[in-house]
Each structure stands twice: as C-alpha cells, then as structure tokens.
Amino acid sequence: MEKRKWLLLFGAVVGILCAQAQDPSNYKGLLRDQNVKVTSTNLPIVFMNVNGVQIDREVRILARMKVIDNGAGQLNYGDTIAHPNQGVNYDGWVALKYRGNSSFNSSDKKPYSFRPLKTTVLPDDGGDKDKVSILGMGKDNNWALLAPFADKSMMRDILTFELARQYFGYVPHGRYCELILDGTYYGIYILTELPTQGKKRLNLNDPGTNGGDLTGDYSVEVDRDDEVSQDPNYPPVYRSAYPAMLQYGGSVLQNKIIKYQFNFPETGDFAALPTNTFSSLIQQINLMESSFKLGNYTDPNVGYRKYIDVRSFIDYMLATEFSMNIDGYRLSTKFYKYSTTRAAAEKLDPRWKTTLWDFNIAYGNANYYQGESTNVWQYDFNSRNSGDNELVPFYWQYLVQDPAYISEMKARWAEYRRGSYKIDHIYAVIDSMATMLSSGGAIDRNQQAYQIIGRSVWPNAFVGQTYQAEINYLKDWIKRRIIFMDKQLLGKVDPNLSEALVVKDGFNADLVSEGQPSSNYTLGGIDQENSAFYPISVKADGGIPNDGKIVSKNEGVNYQLAPYNGNNALNLKTNGQSATITFDKLIKTPRLYFLVSSGNGISMLEITVHYQDGTSGPSQICNIADWSNSNLDGTEALTILGRIRPDGYLSTLHYSMCENFVEADENKEIASVTIKQTSSAIASVFGFSKLLTSIETGIESININGAENPTNPQPIGIYTVSGVKLKAPQKGLNIVKYSDGNSRKLIIK
C-alpha cells in the first residue's frame with residue numbers, strides 16, 4: 001500500500017450524513033452554500049463517504065458509496081434515519097479519484113471516476129474490482145460521475161448520447177443523480193458508463209485471445225500528450241507520423257502532431273500482454289492513416305474504406321457537427337476495432353469505428369474558436385485556429401474531399417432528420433430532461449449550492465438569468481444549426497419567398513452616409529470609429545444599392561432599407577441596451593429575418609417577438625459575426641463592402657452585412673419586436689423581412705420499430721428516454737411499449 005493514503009471508513013450505515021466534510025483545500029470551498037439539504041428528490045441520491053481523506057486526480061483512494069433509488073415515480077430522501085427502508089441500488093466500497101481536464105480545472109464542481117471493489121483493498125494494492133450494475137445500466141467495474149457546471153442546461157452530454165444512440169454500435173448510458181459527499185451536498189451529477197472495453201460497452205477482448213491475433217481488439221483516443229507512463233518501454237501516447245494540415249491541399253503543419261492515447265489496452269497493461277501487442281496496435285493506426293495518403297485513397301479495395309467503418313465515421317462527424325463541438329475530432333475522439341480473427345468468427349467488422357464522449361461545451365456553449373456559431377464546420381477548425389496545439393487529424397479533411405463519402409453523409413443526415421434528429425423530437429427530449437431536473441427541486445438545490453445560473457463561467461457564450469432561459473438558448477441554437485446543416489447537406493435552401501418590411505418606429509441612428517463628409521450625413525457609428533456604410537452614388541466600390549433594395553446572398557431574402565437621409569438603423573452600442581421595433585402594419589410569419597452588422601466583435605442579441613393579442617414569444621438568442629469578412633461564417637447577406645469614417649474612406653473592401661432570424665407563431669399577428677444587446681460589441685440592424693411560407697416543424701410521434709399499422713396493440717408500459725418506468729406520461733418525451741413488441745414515442749407538450 002505504498003504511496004497511498006487511505007483510512008478504514010465507518011462500519012455503520014453509509015447513508016447517515018457525516019459531520020466531517022471535504023477540507024476546503026479539497027474544493028469544498030468552491031461551493032457558494034455548504035448547507036444545502038436534500039429533503040426529498042425525484043433523482044437517485046449518491047452518498048459518497050471518504051471521511052475527510054483528500055481525493056486525488058492520479059491516485060485512487062478508498063471510499064464507501066451508497067445509491068438510494070426508490071424507483072420511478074417515487075421520491076428519494078436524504079435523511080436515511082427518518083427513512084430507513086429506502087431502496088438501495090448499490091452499497092459497497094469503491095476506488096475513487098477525480099477525473100477530467102477542463103471539466104476539472106475550470107469548474108467549481110469536480111467530476112469523479114470510481115471503480116467498485118470486492119473488498120477494502122485497492123486495485124493497485126492487489127484488490128479485485130467488482131463488476132456491478134448501477135441504476136439499471138449494464139454490469140461493469142469502471143464508472144464516472146460527470147459534473148455539469150459550465151453546461152447550465154445539465155444535459156448536453158446526455159442529449160448527445162440519446163439522440164445518437166440508435167445510429168452507433170455503442171454510446172454511453174447515464175442517469176442523473178444528486179451527490180452527497182461526507183455529508184455535504186455537491187449538486188446534480190450524471191452517473192454514467194464510460195466508453196470502455198466491458199461486455200456491456202465496447203465489448204473488446206484482450207489482444208491475442210483470438211488465436212494470437214494481434215490485429216485488435218483495440219481502443220485509442222485522439223487527445224493531448226498529458227498521459228504519464230512508469231514503463232520506459234511503452235510511451236504513454238503514440239505520436240502520428242502524419243502531422244495536421246491547414247486544410248486539404250494546404251500547408252502541412254509539421255509542428256502540429258496528432259497524438260493517440262491508449263484506452264485499451266492501457267499503457268500500464270502492455271507489459272503483461274503478448275509480445276508485440278504494443279507495436280501491433282501502432283501498426284493498425286499506421287495502416288489506417290497511411291491509407292489516406294495513397295494517390296487512390298478513395299479506392300474501396302486499397303484506400304481508407306479498407307480500414308475504417310465509413311458509416312461509423314459519418315455518424316461521428318454528424319454528431320460532432322450537429323453539436324458544433326469545438327473539441328470534436330481533435331480531443332476526446334475515441335476509436336475502437338475488433339481483431340480480424342474475432343470479426344470473422346463472430347461476423348463483426350474489424351475496421352476502426354467511433355463512439356461519442358464529452359459534449360459539455362458544445363451546442364453554442366463556448367465563447368472561443370467560434371464555438372457559439374451555427375454557421376461554420378468544425379472539421380475545418382485548422383484553417384481558422386492553426387495556432388492551437390491540438391488540431392483536427394488530416395484524414396477528416398480527406399474524407400470530405402471524396403464525393404462518395406459526401407453522398408453517403410448527405411443520405412445519412414436525411415435519415416437522421418426523419419428520425420431522432422427531427423426538431424420536435426429533439427425539443428421533446430430536452431423538455432423531458434428539464435422536467436426531470438426541475439420537478440423535484442434538483443435544479444434549485446444545485447443553484448443554491450453553486451449560484452451558477454446568472455453568472456458567467458468559462459467558457460460560456462451565453463448567460464441566462466433563469467434555468468428556462470438556458471433551455472431556450474439551447475433549443476434556439478439547435479434549430480439554427482439544423483437549418484444550416486439542412487441547407488448544406490440536403491440542398492434545402494430556406495424558402496426565398498419573402499416580403500420586405502417597413503419599420504414604422506424604433507430606428508435610432510443614421511448609419512448610411514449619402515455624402516461627404518460623413519459626419520454631416522450620419523448619426524452614430526457601426527463601430528467605435530463611428531464608421532458608416534455608403535451607397536453606390538458616393539463610391540461605386542464597396543457601396544450598397546442607391547435604392548436600398550437588397551436580396552441577401554445567404555438566403556435570397558428581400559429587404560428594403562430605410563431612406564438614407566434619416567434614421568435608417570437600430571444602433572445598440574452598450575451591453576444591456578435594448579429597443580423595440582414596430583412595423584407599418586401587423587404581420588404574420590413563421591420566421592422574421594433581419595439585416596444586421598456587428599462592429600468590434602461578435603454581438604449576441606436577445607430578441608423577443610410581441611403579438612397583438614398581448615402575448616410574447618420566448619426570447620431567442622442570435623449571434624452576429626463581426627462585420628469584417630475575414631471572419632465569414634456563412635450568414636453574410638452582402639460582402640465586399642466598404643466603410644466611411646468621419647475622416648474619409650478606407651480603401652479595403654472587406655466588410656459585410658449579415659442576416660439572421662427569429663421564429664414566430666405564424667397564427668398570430670406580430671405587434672413589435674424587442675432587441676437587446678447582451679455583449680460588448682456594437683450591433684446595427686438595418687432591415688426586416690418576413691417569410692411567406694410555412695415551415696415544416698416535424699411530427700409529434702415516431703414509430704421506433706417501423707410498424708405502421710399494428711393489429712390492436714395494447715400499451716404495456718410507459719418509460720422515460722433512459723428506460724425508467726413511469727406511472728403516467730410526463731411532459732416531454734415518453735416511450736410507450738406495446739404488447740406486440742413495438743414502441744412509440746409519445747410527446748406531451
């Protein structure tokens with residue numbers, strides 16, 4: 001037990017709350033309120049007890065864990081003395097440590113890794129791990145407690161897994177819970193499987209167990225070079241022979257090496273495995289990578305298709321792009337494969353496959369590397385951010401150059417959009433999770449403990465003042481991302497049947513200079529230098545149309561700018577500034593477009609539609625790219641524009657007007673629109689347009705197993721998306737199972 005500190009813990013009932021809690025130096029001090037109590041909750045309660053022993057990131061300590069779960073529809077109680085006969089889902093010893101990189105270093109709430117044990121002896125001291133089932137998930141001896149913190153919706157990881165589950169061979173399952181550690185409440189956690197080798201997970205066998213075949217089973221992960229190995233014979237990571245590229249056909253970034261960490265076998269396991277296991281794993285990575293460097297790399301017989309499961313790579317790409325995961329491809333990207341001998345015997349595919357992990361800063365939740373954008377591709381990360389040390393491996397750029405791959409990806413996206421990625425279904429999953437987290441008070445307790453709602457933490461691009469605002473932002477971001485991907489992959493350019501609108505009231509600035517000097521013709525400025533646009537009559541190069549009629553390059557939407565000799569824009573220069581726009585008539589539309597620029601950075605606008613009947617729609621968040629088109633993001637309506645300043649022209653023509661939109665209830669008349677600046681940039685809105693056609697928003701139920709007309713099936717059970725049986729349907733998504741073996745998704749709005 002050298003190099004290890006652990007204390008034999010209490011022998012009494014684990015659920016009794018201990019008086020001693022983690023020392024402040026062990027992160028309890030990051031709690032805003034250390035006195036939160038769980039009276040009752042609809043979520044399972046995890047009691048973790050270490051009796052004050054310091055928890056470490058590298059060395060596991062001994063802990064006692066007890067999980068209280070009284071079943072679906074039943075409350076769980078934090079006072080185990082007053083409620084002694086509760087359902088105990090798990091009660092045993094575990095080897096515990098902290099886990100994570102940014103989720104650990106940049107979060108007040110720390111994630112954990114734990115391994116159930118058969119005795120009180122830790123694995124590194126010769127103890128045996130124990131494979132157990134927890135909260136209905138498959139038996140295994142390797143688990144995590146994820147700690148949603150920067151993700152204030154608490155659902156980005158689980159949402160990704162649930163939407164993608166039917167398309168992948170395996171993605172982890174997870175269950176929400178509330179954690180009490182040494183008697184102190186630490187908030188909402190996600191007790192989750194890890195994408196590891198277990199029989200209920202990736203189902204990998206030890207290398208060499210199939211007739212000595214060393215072509216697999218293996219699992220690796222593209223990530224940082226931050227692993228440590230105690231054995232000099234086995235480096236902790238493999239550094240690829242092929243560095244990253246700026247983009248396909250572009251510069252090779254020789255100093256940007258792609259790194260692979262070893263998940264299975266782990267670095268410490270190689271010495272005990274058959275000879276050449278390590279070199280054979282490296283060979284399998286090399287074979288895959290080098291296949292992309294062939295002149296005929298698209299040839300299915302000798303090129304990349306010989307070494308990767310193309311459908312699996314497409315699925316990873318779609319899940320990554322859909323979520324705009326800024327870590328995608330380059331961090332926490334997990335590959336696995338089965339050996340050739342095993343695959344032949346069990347009718348498996350021996351090529352490299354993918355699975356999913358780590359989406360907590362996806363879906364517009366990052367304020368760097370354009371993580372908040374809905375209109376750029378993550379696979380093209382290197383061309384925008386080549387200075388980062390962890391770049392996208394070159395082969396993803398090769399894949400999108402293969403017309404056959406693109407064709408398959410488009411067909412797969414169409415399948416996604418008919419299935420679990422249908423917008424109403426996505427919203428229903430989100431609503432179900434939000435109901436689960438809020439109905440029993442868990443969100444309120446987590447907020448009391450951390451006061452996270454309403455404050456900005458790394459790397460938030462949006463900060464909602466309520467939990468519902470965070471959910472609204474997530475939904476709105478997803479809707480915009482889907483529109484972008486539909487247009488790019490399905491050729492569904494948004495309908496260009498539109499009508500320009502006339503603003504009656506709300507414009508507060510003149511930002512188009514119809515003469516010189518511009519100071520005589522403008523009021524306000526698009527940026528901090530008081531720049532303005534100008535019409536062609538002032539200067540042909542970089543000018544906007546004299547008549548103010550614009551058809552956007554992005555969507556083909558029609559706009560009519562206000563006269564240039566008066567207030568022709570809404571200018572929002574400070575964080576928190578807002579204004580209300582009214583039109584010259586009441587309008588009905590499913591989507592309201594607007595023409596906008598942002599100076600001195602990215603603007604984040606909060607927009608609320610008000611109806612004639614006195615109601616208002618939910619606030620919607622729109623990100624507006626900086627008007628310098630060196631940062632093109634796909635929303636540009638007009639490009640190659642110039643600007644004019646009070647002191648004269650700038651000759652460079654690299655400015656843009658962008659367009660964005662908000663959704664509206666097409667059955668109601670819009671009375672006005674309130675626009676609020678929530679960033680430090682300068683936003684200027686120049687025009688509006690309404691969409692004239694309806695937008696298909698999806699179906700309200702989906703037949704999972706494809707039986708369109710079952711013969712008199714009888715419902716036999718109602719379940720949550722995570723498989724928990726319910727007594728009655730809940731708001732959001734419910735799974736109804738029938739007597740004929742089919743299942744249907746029931747959405748309660």
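These are my notebook entries on a predicted model of one protein chain.

**Entry 1: the whole chain**

I began with the overall counts. The chain has 749 residues, and 58% of them count as buried. I found 11 helices and 33 strands in the protein chain. Then I turned to contacts between residues at least 6 apart in sequence: 72% of these join residues at least 24 apart.

**Entry 2: aromatic rings**

How many aromatic pairs are there? My tally came to 50 aromatic pairs. I picked out the one between Tyr167 and Tyr421, which is tilted, with 6.1 Å centre to centre and 45 degrees between the planes. Tyr167 belongs to the loop between α2 (156-164) and β8 (174-181), while Tyr421 belongs to the loop between α8 (403-418) and α9 (423-439), so this pair ties together parts that are 254 residues apart in sequence. I also checked both residues for exposure: Tyr167 is buried, and Tyr421 is buried as well.

**Entry 3: charges over rings**

Next I looked for charged side chains over aromatic faces. Which ring does the charged end of Lys110 sit over? It is the ring of Phe104, and the charged end of Lys110 is 4.6 Å from the centre of that ring. I noted Arg201 too, which lies over the face of Trp143 at 4.7 Å from the ring centre.

**Entry 4: helix α10**

I went through helix α10, residues 442-450, for its buried positions, and they are Ala442, Ile443, Arg445, Asn446, Ala449 and Tyr450. Looking down the axis of α10, I saw that its buried residues fall within an arc of 165 degrees, so they line one face of the helix. What do the buried residues of α10 pack against? My list has two helices by name, α9 and α11 (467-490), along with the strands β1 (40-41), β8 and β9 (184-193). Just after α10 comes Gln451, and I noted its positive phi, near 50 degrees.

**Entry 5: two residues of one loop**

I looked up two residues in the loop between β9 and β10 (218-222), starting with Leu214. Is Leu214 buried or exposed? Its relative accessible area is 17%, and the cut-off for buried is under 20%, so Leu214 is buried. Leaving out residues up to four places away in sequence, I have Leu214 touching Pro207, Gly208, Thr275, Asn276, Thr277 and Ser280. I also took the C-alpha separation of Leu214 and Leu281, which is 7.6 Å for two residues 67 apart along the chain.

Asn203 is found in the loop between β9 and β10 too. With a relative accessible area of 24%, Asn203 is partly exposed. Again leaving out residues up to four places away in sequence, I have Asn203 touching Thr196, Gln197, Gly198, Asp217, Tyr338 and Arg342. The C-alpha atoms of Asn203 and Tyr170 are separated by 9.4 Å, and these residues are 33 apart along the chain.

**Entry 6: cavities**

Last, I searched the whole structure for enclosed space and got three cavities of 30 Å³ or more. The largest of them has a volume of about 140 Å³. Its lining is made of 14 residues, and I listed the closest to the cavity centre: Asn375, Asn554, Glu555, Thr635 and Phe661. Which elements give two or more residues to the lining of the largest cavity? They are α11 and β27 (655-663). The largest share of that lining, four residues, comes from α11. I had already met α11 in Entry 4, as one of the elements that the buried residues of α10 pack against.

Notes: Residues are numbered from 1 along each chain as its sequence is written. This is a predicted model: local features need pLDDT of at least 70, side-chain atom pairs count only at pLDDT 80 or more; totals for chains, interfaces and linings use all residues. Side-chain values use heavy atoms; hydrogens and water are left out. Rings of Phe, Tyr and Trp (its six-membered ring) pair if their centres lie within 6.5 Å; planes under 30 degrees apart count as stacked, over 60 as edge-to-face and the rest as tilted. Buried means under 20% relative accessible area, exposed over 50%, partly exposed in between (1.4 Å probe, protein chains only). A charge sits over a ring if NZ of Lys or CZ of Arg is within 6 Å of the ring centre and within 35 degrees of the ring normal. The arc is that of the directions from the helix axis to the C-beta atoms. Contact means heavy atoms within 4.5 Å. On a 1 Å grid over the protein atoms alone, a cavity is a set of points where a 1.4 Å probe fits but cannot get out, and a pocket is an open set with protein on both sides within 12 Å along at least five of seven lines; lining residues have an atom within 4 Å of a point. Grid points are joined across faces, edges and corners, and a volume is the space filled by probe spheres set on the points.
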